[in-house]
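Welcome! Here is a short guided tour for anyone meeting this protein for the first time. Take a look at the sequence and the model, then read on.

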Amino acid sequence: MKKIVLTGGGTAGHVTPNIALLPHLKEAGFEITYIGSYDGIEKRLIGDFDIPYYGISTGKFRRYLDPKNFTDPFRVIKGYSQARKYLKQIQPDIVFSKGGFVSVPVVRAAASLSIPCIIHESDMTPGLANKLCIPAAEKICCNFPETMKLLPESKAVLTGSPIREELSSGSRIAGLDMCGFTANKPVIMVIGGSQGAASVNKVVREALPKLLEDFQVVHLCGKEKTDNLLLNVKGYKQFEYLKAELKDIFAMADVVISRAGANAICELLALNKPNILIPLPSAKSRGDQLLNARSFESQGFSIVIDEDYLTDTLLAEKVQELYCSRQTYIDTMKQSRQLASIETIMKLIEETIKEND
C-alpha cells in the first residue's frame, strides 16, 4: 500500500485543503498519516477522520521582537528530531504539506530522509514557513497565476486550492432550521476564519440594528467570541465554529462577509457566493489577505472594504449594494475558469512517487 504523510496547521486554512484530499487519497489506496502540533486546530479537525495523528513540538517564526524568538528555535529543532523519528517509523512514499509553522520541521526532516515533498501555497505571495520549505520541496502548488513568477520555475504548478466537496451538498432548509430563521428574508453569513476576527465581529454587531431590518445574520465569530448579550436577538444567530453543519449554513447564505484568507475565498468562489471581503490589514499581517482580496475584486468576484475604513454604516451600505447586484457577482464567478485542483494534485502526487521509486 502507498503511504502518504500530510502536514499543515495553525489555522483551519492550513488543514481544510488536506481534508478535501482525504477521500480521494483513500480511494487511490493510500495509507494516510498526519503530523501536526501537539494541540493545534489541526489535531481537532483531523480527529474526525480516524487517521493516525502524531504531534510534534513546533515554534513560530516571527518578524517582530518577542521573547519567544529566543526559545522557539529550540522547539523547532526538537520538532525536527521528532518528525524524523516518526517518518522513519511510518516510511511514507511522499509528504504533502499545506503550510503553517508545524510543516517546516516535517518537510525538512522528510528531505533529510530523501522522502519527496510537495507543498501548497494558498496565498499570492509565499509565507515564511513555505519559503523555508521551498528548497526541500520537489513541487510547489499554488492558487494564483501571479504566484508562479515568485517560485522556482521547475517546481511551480498552478493547481488552485482543494475544496471540500461536501460544502456544495448543504441544505438551505436545514440551515434555516438550525438558526431558527424564516425562509422569506435573505441571510447574511459572517465568517472571520477559524480564529474569528474581533474587529469584524465588533462592527457587524454595531451594524445589526440596520442589517436586521432587511436581513437575517448568521455569525461564525470564533472561539470564545460570542456575545452573550445578543443571544436572544431575533434574526441573529452566533456560532463559535462549525464543522459538518457548515455546508448547510453556506447553502442558506445569500451573501457572505468574510476575511480574505486564500482557502476561504476559494470556497466562496467555488460555491458562487456573492461576498464582501475585509482583509487583515498589513499592520496585523504580512499583507497576503490584501493581495488575495484585490485579486478577487479585480476579477469581479468580490467587494472589498479596507478594515482601516470599516464602519457599521459603510458595512450596511455595502451589504445592500452587494445584495442588489448579487446576480452579477454570481454570473461572473460561474464564468471563472475553476481549476480541477484535487485532480491535478492527485496526479502530481502519483507522478512524484513514480519518479522517486
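Let us begin with one residue, T352, which is buried at a relative accessible area of 2%; buried means under 20% relative accessible area, exposed over 50%, and partly exposed in between, with a 1.4 Å probe and protein chains only. T352 belongs to helix 14, which covers residues 341-355. Helices (H or I, at least four residues) and strands (E, at least two) are DSSP runs, numbered from the N terminus. Which residues is T352 in contact with, leaving aside its neighbours within four places in sequence? They are I94, P116, I118, E138 and K139, where contact means heavy atoms within 4.5 Å.

A word on the source: this is a predicted model, in which local features need pLDDT of at least 70 and side-chain atom pairs count only at pLDDT 80 or more, while totals for chains, interfaces and linings use all residues. Residues are numbered from 1 along each chain as its sequence is written, and side-chain values use heavy atoms, with hydrogens and water left out.

**The whole chain**

The protein chain contains 14 helices and 13 strands. Its radius of gyration is 21 Å, which agrees with the value near 21 Å that a compact globule of 357 residues would have; the radius is taken over C-alpha atoms, and the globule rule is 2.2 Å times the number of residues to the power 0.38. The C-alpha trace spans about 60 × 45 × 40 Å along its principal axes. Of the 357 residues, 53% count as buried. Among contacts with a separation of 6 or more, 63% come from residues 24 or more positions apart.

About 16,200 Å² of the protein chain is exposed, and carbon and sulfur atoms supply 52% of that area; accessible areas come from the Shrake-Rupley method with a 1.4 Å probe. The chain has 43 positive and 41 negative side chains, with the centres of the two sets 4 Å apart. Lys and Arg count as positive and Asp and Glu as negative, without His and the chain ends, and each charge is placed at NZ of Lys, CZ of Arg, CG of Asp or CD of Glu.

**Aromatic pairs**

Rings of Phe, Tyr and Trp (its six-membered ring) pair if their centres lie within 6.5 Å; planes under 30 degrees apart count as stacked, over 60 as edge-to-face and the rest as tilted. The count comes to 4 aromatic pairs, including these two:

| Pair | Centre to centre | Angle between planes | Kind |
|---|---|---|---|
| Y34 and Y53 | 5.9 Å | 10° | stacked |
| F296 and F301 | 5.3 Å | 80° | edge-to-face |

Y34 in strand 2 (residues 30-37) and Y53 in strand 3 (residues 53-56) are 19 residues apart, and their pair links distant parts of the chain. Y34 is buried, with a relative accessible area of 0%. Both F296 and F301 are buried as well.

**Helix 4 and some positive phi values**

Helix 4 (residues 103-112) has 7 of its 10 residues buried, so it is largely enclosed by the rest of the structure. The buried ones are S103, V104, P105, V106, V107, A109 and A110. Just after helix 4 comes S114, with a positive phi of about 60°.

Most residues other than glycine have a negative phi. Q91 has a positive phi near 55° and sits in the loop between helix 3 (72-90) and strand 4 (94-97). Is Q91 buried or exposed? At 59% relative accessibility, Q91 counts as exposed. N272, also not a glycine, has a positive phi of about 55°, and its loop runs between helix 10 (262-270) and strand 12 (275-277).
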